[in-house]
Amino acid sequence: MQRNRLKSFSTIFILTLFLTFSASALDWSPEVLEEPYNQIQVSEDLPTLQVINLTDSEGNYINQTELEEDEAVLDYYYNASHGEQESMESLFSDKGYYFAQFDVNSTKGGEVLFELFRENEGSEEDEVENDTQIMELGDFNVELVNNSEVDEEIFDPSLPYVAGESDTAWVNVTDRDGNKVEDVDVELYFTNITDTYEAESIDGTGPTSGFEDIYHDGFTLPSQPDSSYIMHLTASKDDEETSYDNPYGSTSLMTETYPRIQGDSEVTNKTGCEDLEEGVECERYGNVNTTFNVTESLAENVNLTLLAETREAGEHEELKQISMNDTTNGSEEEYDEGLNFEKQMEIPNVNTSKYHNELTLRFNATDILGYYTEETVVDYQDNFVNYLGASTASAGAYEVRFEVLTGVEEDPVPPSNLNGTVNVTNPSDETVDYFNLSDMDYGSSLYSKDVSLPFGSEDGEYEVDIDLEDEYSQEYSLTHVFDFESEDQAFSVNNSLRTDINKTGNHTYSLLFDNSGIDLDIVAEKHGDIENFTELDYSGENISIDSQENNRSLDLTFDIDYVDNYEGEIYFEDINTGYNETMDIDIEAPICTDRNEYLCISSGNLNTTLEDLDDNETNAIDVKYLGHKDGEGTELDAGLSGEVDNYATVDPVNVEMNSTHDFEVLTLNYTAPSSPGNFTGSLDLDMNGTTLNIPLNLESEVEPQDKGFEVLDDIELGELIEGDNADSEVEVENTGDIPIDSLTVTSDDYNVEGDSLSLEPGATGDLSIGFTNIETDSGTVSIEASGEDDTTTQSVDVDADLYQNYADLADDLEQRAFDLDSRTSDADLQDEIMDIQMEIPDVQTAFNEEDYDEAETLYNSLEESLDDIENQVDQEESQEAGDGNGGTTGGSTDPDSGEQQGEEQSMRAIIPIVIGLFVFLLVGFVAYTSIIPEKGDPLYSVLGK
């Protein structure tokens with residue numbers, strides 16, 4: 001009995017456990033969310049997103065992991081149980097929100113079933129929990145437009161976007177028939193169930209948008225990065241203001257947000273730049289090392305841009321841009337530490353007359369999601385002052401000496417680009433000397449001027465304050481301190497002499513010895529390059545100065561035979577006290593790119609490259625005369641030799657130079673050849689029989705030129721008589737790329753000559769051609785065009801209506817008719833001949849009236865008639881010759897009788913002619929006498945009185 005109870009208890013316990021385990025799935029239930037998370041009014045054939053919440057009986061989320069562990073399935077069916085089974089997707093990995101995305105249509109209807117299913121092992125029925133969403137199909141279709149509809153950047157929810165960014169939505173609203181719907185309330189909002197952002201109205205329409213029937217407006221994306229959001233796009237219209245049954249519609253899409261790019265930049269000095277508290281200071285052509293560390297996100301590119309603000313408009317313009325190098329190659333493994341980009345940038349030459357000296361370095365990090373910018377200030381320093389004067393001084397002259405250089409290249413700034421002042425003050429801050437930059441000597445980039453510090457001057461620190469301004473109004477300043485001490489000084493003399501000498505001959509300078517009040521016996525020694533051409537104007541070895549003399553002036557002379565750079569020094573020592581001073585001497589010659597004994601040439605690059613036929617380039621050549629400073633003038637001849645002589649000119653070619661006119665600027669101008677190639681030669685400068693040859697090179701990259709022309713019409717000479725002369729014109733167009741220098745004409749068919757004609761490319765002109773003794777009615781004329789390098793030829797067809805001289809031929813017909821008439825006794829033939837003779841003047845009349853066709857027709861007709869008569873006369877004469885040689889029929893055989901008969905026949909033939917002529921004269925006489933014209937009659941001038 002106890003065993004049965006134990007068995008029953010075990011059975012009940014196992015069954016209880018089973019029922020408890022089975023109930024765990026049924027304890028979960030899906031619940032359809034309402035608005036604003038889901039949209040109930042949906043558009044047909046457009047996507048919708050429907051979200052459910054899966055929780056247990058206590059309201060706890062059932063996430064995707066728990067579903068999988070319990071081997072449960074969450075599906076949806078559209079339309080309800082008749083639809084196809086589709087799996088739902090989890091909206092969040094740690095929450096119980098799941099969504100279904102599908103297109104709604106009227107065929108399937110508006111019902112969707114969400115079902116939680118689990119197979120119940122050991123039971124006949126599986127465990128199922130479900131919920132149903134009933135959607136309504138609205139009359140409006142609302143959807144984002146695509147790129148083909150508007151020429152704008154289109155918001156595409158399928159792409160990830162940077163959180164918090166602004167964008168623009170372009171929306172179409174149509175009814176079910178595809179017609180545009182106006183005055184609709186269009187809204188867009190985002191939700192991730194946890195956060196739902198306020199809907200933004202998309203109501204921009206009208207003519208100003210350029211797309212009158214498309215709704216558009218700006219909106220802001222959710223600010224939470226790395227999140228998934230549902231975007232609901234809705235359209236609605238007030239029921240009372242529309243004829244639609246259900247004036248609603250919606251589209252739902254999924255989108256994601258990415259974090260905004262952020263980063264930190266760093267600029268460090270390399271060369272020519274200096275780190276400042278708020279940026280960096282750089283000279284011209286200085287280099288800076290830059291780094292950019294991307295934080296919070298990834299970046300595909302980081303560009304570094306140098307910007308300058310214009311002085312006139314205050315606008316920032318780009319001077320230079322470079323791409324920075326990704327040292328981590330975009331590796332996501334280093335995402336937490338950030339991506340590093342590095343690049344070195346050289347600061348270019350900045351025109352500070354156009355731009356302010358404060359530049360901006362802009363770092364711009366970009367990827368497909370957006371961009372991030374950060375800026376650093378660069379203080380641009382165009383020039384700097386380099387002080388070269390001594391740091392100590394004694395009584396006498398102190399030389400203020402400095403140079404002004406450009407950037408890290410340290411090229412001298414020309415004096416024409418600078419102005420400023422120099423102020424020298426003593427330890428009591430009193431001005432010792434004050435002068436302008438223009439008052440200083442300038443040579444070989446150095447500005448210098450002596451400042452007098454006599455005996456008794458205050459000992460201590462003196463300051464040299466230099467304040468300069470360049471051509472761009474940029475200011476530069478420098479302060480130099482030197483120590484002055486006058487004790488135990490027996491004398492003072494110029495500490496240095498620096499001078500430019502550009503002529504041969506004697507050059508004299510004054511030295512001033514300042515005496516401290518004792519007798520001086522000074523010895524001088526010369527050292528260095530200057531030894532052999534330097535003289536002091538004293539006799540003997542020593543310079544004697546009495547104690548009563550405050551100072552002594554001496555002439556220092558350099559006798560220069562060849563202009564060059566020379567250095568040296570003169571050592572002065574007072575024998576009595578042992579006090580000494582050294583005077584440094586620097587003699588500077590002009591800087592020359594080419595030179596000889598007489599000439600110094602300063603020029604830039606005289607070689608050039610020309611790319612287009614219309615290009616030209618001009619180079620300035622400074623010529624300095626190095627001859628004797630007191631010499632007479634001499635001629636400078638300039639010329640070109642070699643291939644460049646065809647494509648370059650130099651001006652002037654002859655000029656007189658002397659000690660006063662010792663500088664000349666020559667201009668070398670290149671023009672482009674008509675074909676590519678390398679053309680060499682030299683600029684030849686001749687003076688005093690000595691020639692300085694400066695090599696030149698012209699590189700032509702001009703495309704080969706088309707040399708061609710076209711004759712625009714044929715030559716029609718018109719109606720002409722054989723042997724006539726004629727003139728004609730043809731229009732010629734230069735269809736090539738180079739000028740035509742001349743046109744000439746020749747012909748194998750005609751005697752021709754033509755005028756000369758030149759044509760620029762694209763131009764047209766009329767070419768006159770003369771024809772003499774024309775003998776043929778058709779042929780050709782060749783026209784040859786000559787250009788810079790070669791020639792080309794075109795053929796022109798010539799056509800003439802050529803006629804014979806029918807006036808002369810008519811005379812031939814008359815003579816032929818007369819000859820035929822004399823050969824025949826046949827009255828009929830003679831009548832025909834007479835008729836022809838009467839028509840022959842018509843040929844001459846038509847010809848004289850230039851009716852050549854008529855003259856030719858009459859002539860041919862009369863000639864043909866005469867040919868026929870001539871055949872008959874020939875037959876007649878042949879027959880008579882046969883009868884005279886023994887014919888047996890008719891006539892007498894007596895020779896005398898035959899001769900008499902022939903004569904009688906001849907007389908009978910003449911009688912009708914005589915009678916006819918008589919009658920013709922008689923009729924003419926009667927007619928004339930009967931119509932004698934009087935003055936005023938038309939015939940009076942023809943027939944006379």
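**Strands and a buried serine in a predicted model**

Biologist: This is a predicted model. Is Ser-227 buried or exposed?
Modeller: Relative accessibility at Ser-227 is 15%. Buried means under 20%. Ser-227 therefore counts as buried.

Biologist: Which strand holds Ser-227, and which residues does Ser-227 touch?
Modeller: Ser-227 lies in strand β17, residues 227–236. Leave out residues up to four places away in sequence. The contacts of Ser-227 are then Thr-255, Glu-256 and Thr-257.

Biologist: Which side chains of strand β27 are buried?
Modeller: Side chains alternate along β27, residues 383–387. Phe-384 and Asn-386 point to one face and are not buried. Pointing to the other face, the buried ones are Asn-383, Val-385 and Tyr-387.

Biologist: Which residue stands opposite Asn-386?
Modeller: Strand β27 is joined to β29, residues 396–406, by five bridges. The two strands run antiparallel. Opposite Asn-386, in β29, stands Glu-403.

Biologist: Which are the edge strands of the open sheet with the order β38-β45-β44-β40-β42?
Modeller: That sheet has five strands and mixed pairing. An edge strand here pairs on one side only. The edge strands are β38 (496–500) and β42 (542–545).

Biologist: What does the twist average from one strand to the next in that sheet?
Modeller: The order runs β38-β45-β44-β40-β42. From one strand to the next, the twist averages 20°.

Biologist: Which residue of β45 stands opposite Glu-573?
Modeller: Strands β44 (residues 566–574) and β45 (residues 580–588) run antiparallel. Eight bridges join them. Glu-573 has as its opposite in β45 Asn-580.

Notes:
Residues numbered from 1 in each chain as written. Predicted model: local features only at pLDDT ≥ 70, side-chain atom pairs only at ≥ 80, totals over all residues. Heavy atoms only, no water. Helix = DSSP H or I, 4+ residues; strand = E, 2+ residues; numbered from the N terminus. Buried < 20%, exposed > 50% of the residue type's maximum accessible area, 1.4 Å probe, protein only. Contact = heavy atoms within 4.5 Å. Pairing = 2+ DSSP bridges. Axes fitted to C-alpha atoms, helices over the stretch in contact; angles between N-to-C directions.
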